[in-house]
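Me: Can you walk me through this model? I'd like the ligand site, then one residue.

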Amino acid sequence: MLHLDALSKQFGGLPALSDVTFRVPQGQITALIGPNGAGKSTLINCITGVLTPTRGSISLGLQEISTQPSHAISRLGVARTFQNLKLFERLSVLDNVLAGLNNEAGSSLIMALLRLPYLRHRERQLKLRALEALDRFGLADKADWPAGVMAYGDKKRLELARATVSQPQLILLDEPVAGLNATETLAVEQQLRRLRQEGQTLLLVEHDMELVMGLADQVVVLDSGCVIAWGTPDEVQRNPRVLEAYLGSVEATA
Ligand SMILES: Nc1ncnc2c1ncn2[C@@H]1O[C@H](COP(=O)(O)OP(=O)(O)OP(=O)(O)O)[C@@H](O)[C@H]1O
Ligand SMILES: [Mg+2]
């Protein structure tokens, strides 16, 4: 599905990603883990075209996307959530999810907003899909709320609803359970399992090791911008380089 080949990104000459190579197979959950500052969010930003890689290639299926702008990559069916929530706080919860259908709505949504009668039907269809997505994440009763007034856990789920509503080819999740309590984390875990059952392909960045090791089909470990391990959760957990990277980072922050 997604293939990264020798991907590198530098910020002012400092490497944030160095020769990152791995694959994200279709229909699986691939977890991307690593200590703070390892380059995980930078990688997601490169895949989504928010950042332009310094070198290397990113292919989605057979298509090279590393030089494409973010709107083009989104149109190819790559959706994401953000480590720091990026919601339209003043818009309603429903409108935030509708924004996730922007690619399909295109100008028809704008025309629908102008109330051209023959487009009313299309508008209703999109709204129904957005409501279904909200329902699935337990947010349907808050559809009319301004997104900004919701609790943090609900905002995290709203981001998931927005990222998944268009049934994209590939969903990139940057720390979807960060800051959530145990019950909320379990609910998100069940949602991610359900998405995989439905055939969705996920790249999951997460620090919650229990979640990652219980859920992921394969795990890629980044440390200082380099892939230091790549395998099943079991293989990765037993890898001495991984233990060293994590213990090293514990020592460094102690
Ligand atoms: N826009 C930027 N300009 C300069 N340096 C950046 C920029 N974005 C990230 N970096 C640097 O790149 C490195 C990787 O950062 P990144 O945010 O990708 O790490 P991360 O693995 O997502 O960490 P965390 O687990 O804390 O979210 C860090 O050293 C960071 O300071
Ligand atoms: Mg990050």
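Reply: Here is a quick tour of the ligand shell and one strand residue.

Reply: This is a predicted model, where local features need pLDDT of at least 70, side-chain atom pairs count only at pLDDT 80 or more, and totals for chains, interfaces and linings use all residues. Residues are numbered from 1 along each chain as its sequence is written, chains are lettered from A and ligands numbered from 1 in written order, and side-chain values use heavy atoms, without hydrogens and water.

Me: How many residues surround ligand 1?

Reply: There are 13, each with a heavy atom within 4 Å of the ligand. The closest are Gly-37, Lys-40, Thr-42, Gln-83 and His-207.

Me: What's the mix by class?

Reply: The shell has 4 nonpolar, 7 polar and 2 charged residues. Gly counts as polar here.

Me: Which helix gives the most to that shell?

Reply: Helix α1, residues 40–47, with 3 residues. A helix is a DSSP run of H or I, at least four residues; a strand is a run of E, at least two.

Me: Which polar side chain lies 2.7 Å from a ligand 1 oxygen?

Reply: That of Lys-40. Backbone polar atoms of Gly-39 and Ser-41 each lie 2.9 Å from an oxygen atom of ligand 1. The protein buries 57% of the 630 Å² that ligand 1 exposes alone (Shrake-Rupley, 1.4 Å probe).

Me: Switching topic. Is Ser-59 buried or exposed?

Reply: Buried, because its relative accessible area is 15%; the cut-off is under 20%. Ser-59 sits in strand β4, residues 55–60.

Me: What does Ser-59 touch?

Reply: Met-1, Leu-2, His-3 and Glu-64, leaving out residues up to four places away in sequence. Contact means heavy atoms within 4.5 Å.

Methods
Buried < 20%, exposed > 50% of the residue type's maximum accessible area, 1.4 Å probe, protein only. Polar contact = N/O pair within 3.5 Å; in protein donor to acceptor, adjacent residues only side chain to side chain.
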